[in-house]
There are 2 protein chains.
Amino acid sequence: MSINWGERIAQGAREMSSSAIRDLLKLTVQPEMISFAGGLPAPELFPAEEIGAACEQAIIESPAAALQYGPTEGHGPLRELIAGWMADLGLRASAGQVMITSGSQQALDMIGKLLIDPGAPVAVESPTYLGALQAWQPYRPQLLPLPMDEDGLDVSALAELLETGARPRFLYVVSSFQNPTGVTLAPARRRALVELAARHRLPIIEDDPYGELVYEGERATPLAAIDCELHGELRHVVYLSTFSKLLTPGLRVGWLVAPPALIDKLGQVKQGLDLHTGSLAQVAAYLACRDGLLARHVPVLREAYGRRRDAMLAALEATMPAGVRWTRPAGGMFLWLTLPEGWDAAELLGRAIAHQVAFVPGRSFYPAGDVTNTLRLNFSYSSPELIAAGVARLAEVARAYTPGGLTQL
Amino acid sequence: MSINWGERIAQGAREMSSSAIRDLLKLTVQPEMISFAGGLPAPELFPAEEIGAACEQAIIESPAAALQYGPTEGHGPLRELIAGWMADLGLRASAGQVMITSGSQQALDMIGKLLIDPGAPVAVESPTYLGALQAWQPYRPQLLPLPMDEDGLDVSALAELLETGARPRFLYVVSSFQNPTGVTLAPARRRALVELAARHRLPIIEDDPYGELVYEGERATPLAAIDCELHGELRHVVYLSTFSKLLTPGLRVGWLVAPPALIDKLGQVKQGLDLHTGSLAQVAAYLACRDGLLARHVPVLREAYGRRRDAMLAALEATMPAGVRWTRPAGGMFLWLTLPEGWDAAELLGRAIAHQVAFVPGRSFYPAGDVTNTLRLNFSYSSPELIAAGVARLAEVARAYTPGGLTQL
């Protein structure tokens with residue numbers, strides 16, 4: 001009389017599996033663990049008092065907007081504020097082109113639902129953000145992985161792919177301080193990419209949650225802004241970002257900016273997903289930003305995370321055995337280690353966890369799942385002292401590592 | 001060089017269209033309009049101060065849980081609290097079977113993604129909740145509409161359907177004070193339905209956002225509780241509910257309770273959608289409920305909404321022309337009008353709006369879109385005085401109405 005639920009799962013959902021991120025986030029809660037695994041901002045830097053005050057103010061100032069059902073596209077004043085901020089980056093779009101999403105993750109799901117038919121080709125960086133791969137799994141795209149180097153996506157490889165007649169539904173790119181590698185798409189490549197996309201009418205989904213977290217040099221110009229500059233308006237790029245890394249993830253408030261022709265359809269998609277993003281969180285984010293919180297808080301994050309990045313780079317330099325290489329990100333939250341050929345990061349993780357240090361093996365970030373000797377380290381979550389201690393533990397594990405061996409430390 | 005976005009929309013999303021609810025909610029903002037259209041709770045009854053205090057307390061008491069990324073399944077203490085509350089209703093399930101969702105709407109999308117393959121049969125009440133139809137449109141089910149009467153779903157019609165060998169993926173039922181009709185599934189039918197579902201291994205999705213809003217008689221026993229009673233555990237029912245109608249919709253916090261075998265897969269689905277529901281909103285809902293807010297506030301809603309329902313029934317009785325019939329809900333937020341045969345509610349709406357009163361024509365609530373002479377009235381949003389005035393306007397429009405005619409008032 002019981003139901004066999006397993007045989008009733010829809011085909012798209014069957015292909016989903018528990019993600020490495022999800023399982024590994026569970027590791028971060030053990031008290032003695034130094035975790036470089038999660039993509040977590042530093043909780044001690046949250047502007048908690050200001051967010052609390054903004055919530056209170058939201059309920060006093062606009063109880064109807066903060067507590068009632070709201071428009072699917074988002075809280076009007078917040079959309080206006082974001083449109084103004086985007087314009088400062090060169091991304092000229094009306095408030096009507098801005099939609100509030102329940103974090104950037106929801107925007108990824110919306111893009112999947114809107115643009116991916118089963119079997120449709122989708123071009124992605126390799127490696128790329130695991131959460132995007134996971135969001136799109138149920139829509140069953142055919143992923144076309146593109147190589148990257150220290151200047152980001154290899155645009156000439158994309159050009160070659162397009163020359164062969166491939167017609168991806170879109171290209172997905174994390175343009176600055178990419179998750180997982182920390183690498184940023186170089187300025188010259190950005191322009192070449194937008195020109196290429198325009199030539200081939202290739203939509204670009206630009207995911208930019210880390211762009212403001214700059215520790216060296218200038219904030220990069222979004223692809224979406226270059227599109228506006230080259231074509232007088234936003235035509236080829238859907239731009240995604242979020243308050244999760246700049247204020248707090250707990251609000252679940254992100255946004256997208258899209259060409260006008262897409263907005264209605266995106267609204268229909270979002271309405272089916274959750275009617276709208278939490279009203280109170282939206283009004284609170286608006287009030288906090290209106291009162292200048294971002295302008296005050298982003299420099300604090302840049303300073304603190306910059307020191308954490310430096311601590312991680314210094315510790316790696318001081319302790320890692322020869323043959324281990326890593327990226328040197330100018331911002332963001334992650335760096336990327338490449339282990340010697342033949343090493344297995346998942347195997348290394350088992351030993352690292354026994355020594356109370358955690359990271360994410362790189363394999364699940366590759367669309368083809370075909371690379372086993374890379375790993376992602378997060379440097380935003382832990383203090384410089386913990387970073388030094390954790391990298392030392394990791395280096396010890398790496399020095400004792402023999403691929404396939406049963407080395408005990 | 002521009003992209004033709006229209007030709008790039010995935011097949012599932014192509015079938016979506018702007019919903020009547022969405023377009024009509026826009027009408028409710030005109031100041032002179034008396035709107036019975038939206039499914040909105042009364043904003044003047046929101047426990048605004050308590051929610052504000054709960055947010056503040058959440059940030060002081062548990063800043064990490066309230067502001068950081070959280071578990072996909074939801075805030076642990078809130079899941080525990082809901083499991084306890086559900087047990088009081090006879091729905092015995094562990095906290096591990098409770099998942100927090102971004103409103104009930106997200107739970108509907110999750111169910112669609114999890115259980116609907118293109119072309120798969122899905123049994124629904126006719127009429128049924130428009131938001132469910134809209135959430136499932138992209139998954140392209142074959143809807144099997146089932147008749148209802150004043151005792152809710154016609155369970156014998158479902159039995160006949162199942163006897164013919166039909167194997168719906170699930171039955172969707174809004175068990176109490178249904179949206180849109182206000183009708184409640186009668187106790188004897190509830191038991192018969194759960195027995196029938198068990199016999200045919202038919203999953204039931206029970207949507208119960210209004211069950212606590214009782215103005216006459218007792219709170220109905222959820223189908224999920226009957227399943228637990230008959231089978232010793234939750235086996236055939238996934239139960240959905242939300243704080244949107246009991247506290248405030250602006251938090252976007254709902255929940256589902258599912259058989260253990262479904263929880264992992266639902267977690268994977270939800271992770272792809274938005275990682276997790278807003279942490280701050282979850283912790284605030286938890287603290288508010290822990291401090292007894294629901295127990296204090298639900299009686300306030302019952303009292304106030306009960307008076308609004310009475311006001312609407314009295315005004316309909318006093319003013320409506322002969323031949324117009326309506327349901328007499330014992331709770332919830334809606335009642336359902338049936339106009340004389342041959343009348344067109346959409347046509348009537350055009351005239352009603354000219355007279356500053358709005359409602360939702362019934363047609364879009366029917367899976368087959370084949371009934372044009374019904375309409376939904378909401379009675380929770382407007383004061384008894386506005387309800388009396390609005391119904392009088394509507395009756396005036398109805399008295400002057402001639403189907404297809406160009407009657408001017």
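This is a guided tour of a predicted model with two chains, A and B, going from the whole chain to single residues.

**The whole of chain A**

Begin by selecting chain A and colouring it by secondary structure, which should bring out 15 helices and 15 strands. The radius of gyration of chain A is 21 Å, close to the 22 Å that the globule rule gives for 409 residues, so the chain is as compact as a globular protein of that length. If you turn the C-alpha trace of chain A along its principal axes, the spans come to about 65 × 60 × 55 Å. Buried residues make up 57% of the 409 residues in this chain, and, among its contacts with a separation of 6 or more, 75% are between residues 24 or more positions apart.

**Both chains together**

Now show chain B as well, and ask what rotation superposes chain A on chain B. The rotation is one of 180°, with 0.0 Å of shift along its axis and an RMSD of 0.0 Å, and that is the relation of a two-fold axis.

Next, select the residues of each chain that touch the other: 73 residues of chain A are in contact with 73 residues of chain B. On the side of chain A that touches chain B, the elements that give two or more residues are helix 1 (11-14), helix 3, helix 4, helix 6 (103-115), helix 7 (130-136), helix 11 (260-274) and helix 12. Helix 11 of chain A gives the most to this side, with ten residues, and by class the side holds 36 nonpolar, 24 polar and 13 charged residues. Of the interface residues of chain A, 99% are also interface residues in chain B, so the copies meet through the same surface.

**Helix 12 and the nonpolar core**

Select residues 279-290 of chain A, which form helix 12; this helix has twelve residues and reaches 16 Å from its first C-alpha to its last, close to the 16 Å expected at 1.5 Å a residue. Is helix 12 of chain A mostly covered or mostly uncovered? It is mostly covered, since eleven of its twelve residues are buried, and these include A:Ser279, A:Gln282, A:Ala284, A:Ala285 and A:Tyr286. To see what covers the buried residues, display the elements around them, which include helix 3 (48-61), helix 4 (63-67), helix 5 (76-88), strand 2 (98-101) and helix 13 (293-319) of chain A, together with helix 12 (279-290) of chain B.

Stay with this helix and pick out A:Ala284 and A:Ala285, which are among the residues that touch the most other members of the largest nonpolar core, a set of 181 residues. The others named with them are A:Val257, B:Val257, B:Ala284 and B:Ala285. Leaving aside residues up to four places away in sequence, A:Ala284 touches A:Ile51, A:Ala54, A:Cys55, A:Ala58 and A:Leu251. Helix 12 of chain A is followed by A:Gly292, whose phi is positive, near 90°.

**Some backbone details**

Most residues other than glycine have a negative phi, and most peptide bonds are trans. With that in mind, go to the loop between strand 3 (121-125) and helix 7 of chain A, where you will find A:Pro127. A cis peptide bond joins A:Ser126 and A:Pro127, with omega about 5°. In chain B, look at the loop between strand 7 (171-174) and helix 9 (187-200), which holds B:Pro180; there a cis peptide bond joins B:Asn179 and B:Pro180, with omega about 20°.

The loop between strand 7 (171-174) and helix 9 (187-200) of chain A contains A:Phe177, a residue other than glycine whose phi is nevertheless positive, near 50°. A:Phe177 is buried, with 28 other C-beta atoms within 10 Å. In chain B, B:Phe177 also has a positive phi, of about 50°.

**A last stop in chain B**

Finish at B:Pro145, which lies in strand 4 (residues 142-146) of chain B and counts as partly exposed, with 16 C-beta neighbours inside 10 Å. Which residues does B:Pro145 touch, not counting those up to four places away in sequence? They are B:Val124, B:Ser126, B:Tyr366, B:Pro367 and B:Ala368. If you draw a distance from the C-alpha atom of B:Pro145 to that of B:Tyr366, the two are separated by 7.9 Å, although the residues are 221 apart along the chain.

Definitions and conventions: Residues numbered from 1 in each chain as written. Chains lettered and ligands numbered in written order. Predicted model: local features only at pLDDT ≥ 70, side-chain atom pairs only at ≥ 80, totals over all residues. Helix = DSSP H or I, 4+ residues; strand = E, 2+ residues; numbered from the N terminus. Rg over C-alpha atoms; globule rule 2.2 N^0.38 Å. Buried ≥ 20, exposed ≤ 12 C-beta atoms within 10 Å, placed from the backbone. Contact = placed C-beta atoms within 7 Å. Least-squares fit on C-alpha atoms with pLDDT ≥ 70 in both. Core = buried A, V, L, I, M, F, W, Y, C linked by C-beta atoms within 7 Å. Expected span 1.5 Å × (residues − 1). Nonpolar A, V, L, I, M, F, W, Y, C, P; charged D, E, K, R; others polar.
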